[in-house]
Amino acid sequence: MALQKLKLSLSLILALGALAVSLNAGSALTQQTNAVKEKLKVMVLYESLCPDSIRFIGSQLGPNYDGLKDYIDITLVPFGKSKSINNNGLVQFFCQHGPKECEGNRQQLCVLQQTTDQATQVNFVVCQMRKRDVTDIRECAESLGLSSDIDACMHNGLGTTLQLEAERVTFLFKPQFVPTIVYDGVFDQQLQDNSLRDFRGTVCYLLQRRGDISFHSEVCQ
């Protein structure tokens with residue numbers, strides 16, 4: 001969080017030099033406090049047709065997000081164990097669960113890029129992953145005020161660019177299992193295993209370890 005600069009008149013600075021020193025010391029202390037309270041970064045690497053991804057998002061992320069959203073900075077990356085092949089300038093994607101999953105991944109990326117509001121992004125993905133036909137994005141997108149008209153994104157360079165960026169981010173962690181949950185940019189197998197069983201408890205453990213919340217905080221009760 002950026003600190004607002006204190007605007008003091010020259011006369012006040014001259015008259016209250018001691019107070020100015022005190023304010024500077026307080027400003028430094030506030031900066032340290034804000035640094036400690038920076039939101040926990042959470043990245044979810046998943047696939048649109050992966051049963052384990054559907055289970056995690058539906059039973060762990062979805063039900064617990066509202067209670068945790070003030071403490072976490074979440075990024076959703078639908079790619080997983082997919083891969084791209086560049087054949088003489090034509091980029092093709094191959095997905096673990098077939099072409100329909102590639103289409104679903106791309107559609108979600110095209111919708112997610114419309115907003116930077118993380119609550120809207122999470123609610124869209126939770127809604128979409130519950131649908132029997134994951135390639136029908138109209139209901140979930142429009143219920144959240146997002147456009148379902150994504151044909152241009154799907155069939156031009158933007159969709160490909162989004163998928164390639166999702167691939168780049170995913171391959172930084174080389175996931176052996178999907179979904180993979182990464183905290184503060186570092187993969188930890190124990191946190192991964194715990195997250196699949198108890199996402200809320202895992203996040204609360206990390207927040208408490210960082211000193212962001214107390215052991216008796218209501219958010220974790």
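Here a trainee and a mentor talk through how some features of this predicted model get their names.

Mentor: Two ground rules before we start. This is a predicted model, so local features need pLDDT of at least 70 and side-chain atom pairs count only at pLDDT 80 or more, while totals for chains, interfaces and linings use all residues. Residues are numbered from 1 along each chain as its sequence is written, and side-chain values use heavy atoms, with hydrogens and water left out.

Trainee: Okay, helices. What makes H4 roughly antiparallel to H5?

Mentor: H4 and H5 pack at an angle of about 155 degrees, with their axes 10 Å apart. Axes are lines fitted to C-alpha atoms, for helices over the stretch in contact, and angles run from 0 to 180 degrees between N-to-C directions. Angles under 35 degrees count as roughly parallel, over 145 as roughly antiparallel, 65 to 115 as roughly perpendicular and the rest as oblique. So H4 is roughly antiparallel to H5.

Trainee: And which residues make the contact of H4 with H5?

Mentor: From H4 you get Gln-108, Val-111 and Leu-112, and from H5 Gln-121, Phe-124, Val-125, Gln-128 and Met-129. Contact means heavy atoms within 4.5 Å. Sorted by class, that's five nonpolar, three polar and no charged. (Ala, Val, Leu, Ile, Met, Phe, Trp, Tyr, Cys and Pro count as nonpolar, Asp, Glu, Lys and Arg as charged, and the others, Gly among them, as polar.)

Trainee: Why is H3 called oblique to H5?

Mentor: Helix H3, residues 51-68, packs with H5 at an angle of about 140 degrees, the axes being 9 Å apart. That value falls among the rest, so H3 is oblique to H5.

Trainee: Is the crossing of H3 and H5 left-handed or right-handed?

Mentor: H3 passes H5 in a left-handed crossing, whereas H4 and H5 cross in a right-handed way. A crossing is left-handed if the near helix is turned anticlockwise from the far one by less than a right angle, and right-handed if clockwise. The residues of H3 that meet H5 include Ile-54, Leu-61 and Tyr-65, and the contact of H3 with H5 has nine nonpolar, four polar and one charged residues.

Trainee: How do you know that H3 and H10 are oblique too?

Mentor: Their axes come within 8 Å and cross at roughly 45 degrees. H3 and H10 are therefore oblique to each other. On the H10 side, Phe-199, Arg-200, Val-203 and Cys-204 make the contact.

Trainee: Where does Pro-63 lie?

Mentor: In helix H3. The C-alpha atoms of Pro-63 and Phe-199 are separated by 9.9 Å, though the two are 136 residues apart along the chain.

Trainee: Now the largest pocket. What makes a space a pocket?

Mentor: On a 1 Å grid over the protein atoms alone, a pocket is an open set of points with protein on both sides within 12 Å along at least five of seven lines, while a cavity is a set where a 1.4 Å probe fits but cannot get out; lining residues have an atom within 4 Å of a point. The largest pocket here holds about 290 Å³. Of its 14 lining residues, Thr-75, Leu-76, Val-77, Leu-109 and Leu-112 are the closest to its centre.

Trainee: What joins Val-178 and Pro-179?

Mentor: A cis peptide bond, with omega about 10 degrees.

Conventions:
Grid points are joined across faces, edges and corners, and a volume is the space filled by probe spheres set on the points. Helices (H or I, at least four residues) and strands (E, at least two) are DSSP runs, numbered from the N terminus.
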